[in-house]
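Student: Can we walk through this one together, starting with the ligand and then moving on to a helix pair?

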Amino acid sequence: MILITGASGQLGQDLITLCRAQGRDFAALARPDFDFEKPDTVIASFSAAQPTIVINAAAYTAVDKAETDQDAARAGNHTGPRLLAELCAAADIPFIHVSTDYVFDGNKGAPYVETDPPNPTGIYGASKRAGEEAVLATGAKAVILRTAWVYAGHGKNFARTMLNAGRKMPVLRVVADQRGTPTAAADLAAAILGIVDKINQTGWQPGYQGIFHATNAGETTWHGFATAIFEEAARHGYESPEVQPITTADWPTPTRRPPDSRLDCSRLTQTFGVNLPDWRASLGPIVAALLALDAPG
Ligand SMILES: NC(=O)c1ccc[n+]([C@@H]2O[C@H](COP(=O)([O-])OP(=O)(O)OC[C@H]3O[C@@H](n4cnc5c(N)ncnc54)[C@H](OP(=O)(O)O)[C@@H]3O)[C@@H](O)[C@H]2O)c1
């Protein structure tokens with residue numbers, strides 16, 4: 001039985017949807033029953049569920065807020081996942097954990113590979129990096145997937161923010177000097193379940209252990225992403241705002257974002273045979289879902 005944590009989040013929701021659609025045996029946990037800030041709940045819900053594999057989609061994801069909310073970020077991204085990994089290690093079951101492109105400073109100037117040295121620029125990235133190291137140190141059968149720019153047809157994300165802002169403002173200013181890859185939570189969920197299948201088919205292999213990059217294919221900037229979102233929305237009669245390119249310096253944030261956090265995902269494909277499609281291919285249905293979700297009136 002697959003145990004999914006973070007059931008209320010973007011990835012958690014899309015994992016649940018896919019598991020249901022595929023008739024998989026799974027259980028899903030959310031707060032308050034499963035809360036990394038209350039380790040007792042983690043231990044109790046894990047032992048009640050008796051999983052054969054765990055997918056951790058729970059995390060502290062408020063990047064800027066983390067700067068002033070360090071204890072919660074540490075619990076959600078470091079000590080909480082470490083405890084879950086310890087439980088998986090003790091039960092001798094695989095643990096699939098999710099991390100971020102924000103472990104990198106974004107100065108490489110080319111897509112990052114898994115062996116590139118991390119250098120997070122803020123508390124969120126540092127807490128996720130500490131989580132990666134702590135999970136691996138438990139000796140659990142851990143697959144750690146670094147993803148990026150996650151969005152979905154629900155939850156809180158850039159696409160939803162853009163569509164709602166564009167309803168109110170005729171001009172939006174969007175950062176055009178940060179490169180990366182928008183990743184659909186549904187595509188990441190499908191890749192994760194592909195990894196589950198591979199582990200089940202072959203049994204655990206030593207090469208599965210460690211860190212893998214897992215984003216959609218292709219790349220863009222936040223400005224390019226916003227422009228593509230509005231192109232898709234226009235097909236549904238949405239009146240698009242003007243999207244003006246600005247620089248990072250024009251849009252200061254508490255946490256500095258990596259200027260170029262593209263991730264090379266070839267290790268994921270070579271090891272597990274899973275591929276995430278080009279980011280543009282997944283955008284249309286998500287924009288349609290978000291327009292329906294937030295339709296005025
Ligand atoms: N979103 C992105 O752009 C992005 C980019 C790179 C990597 N990632 C990583 O991708 C993974 C999935 O992200 P997502 O976008 O699906 O995140 P999300 O939508 O923000 O969902 C996070 C989930 O974690 C839960 N959570 C937060 N704090 C918790 C705690 N202390 N104990 C237990 N559960 C807790 C949330 O529950 P509540 O609903 O109760 O808050 C929610 O279910 C995370 O590991 C994240 O770091 C995300």
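**Around the ligand**

Tutor: Of the 23 residues around the ligand (a heavy atom within 4 Å of it), the nearest are Ser-8, Arg-31, Thr-61, Tyr-124 and Lys-128. Bear in mind that this is a predicted model, with local features needing pLDDT of at least 70 and side-chain atom pairs pLDDT 80 or more, while totals for chains, interfaces and linings use all residues. Residues are numbered from 1 along each chain as its sequence is written, and side-chain values use heavy atoms, leaving out hydrogens and water.

Student: How far from an oxygen atom of the ligand is the polar side-chain atom of Lys-128?

Tutor: A polar contact here is a pair of N or O atoms within 3.5 Å. Asp-35 has a polar side-chain atom 3.2 Å from a ligand nitrogen. For the Lys-128 side chain and a ligand oxygen, the distance is 2.8 Å.

Student: Which element gives the most to the shell around the ligand?

Tutor: Helices are DSSP runs of H or I with at least four residues, strands are E runs of at least two, and both are numbered from the N terminus. H1 (10–21), E4 (94–100) and H4 (123–137) each supply at least two shell residues. The top contributor, with three residues, is E4.

Student: Are H5 and H9 parallel or oblique to each other?

Tutor: The axes, lines fitted to C-alpha atoms over the stretch in contact, with angles from 0 to 180 degrees between N-to-C directions, come within 10 Å for H5 (residues 158–168) and H9 (residues 279–293) and cross at roughly 50 degrees. Under 35 degrees is roughly parallel, over 145 roughly antiparallel, 65 to 115 roughly perpendicular, and the rest oblique. H5 and H9 are therefore oblique.

Definitions and conventions: A polar contact is a pair of N or O atoms within 3.5 Å; within protein, one must be able to donate a hydrogen and the other to accept it, and residues adjacent in sequence count only if both atoms are side-chain atoms.
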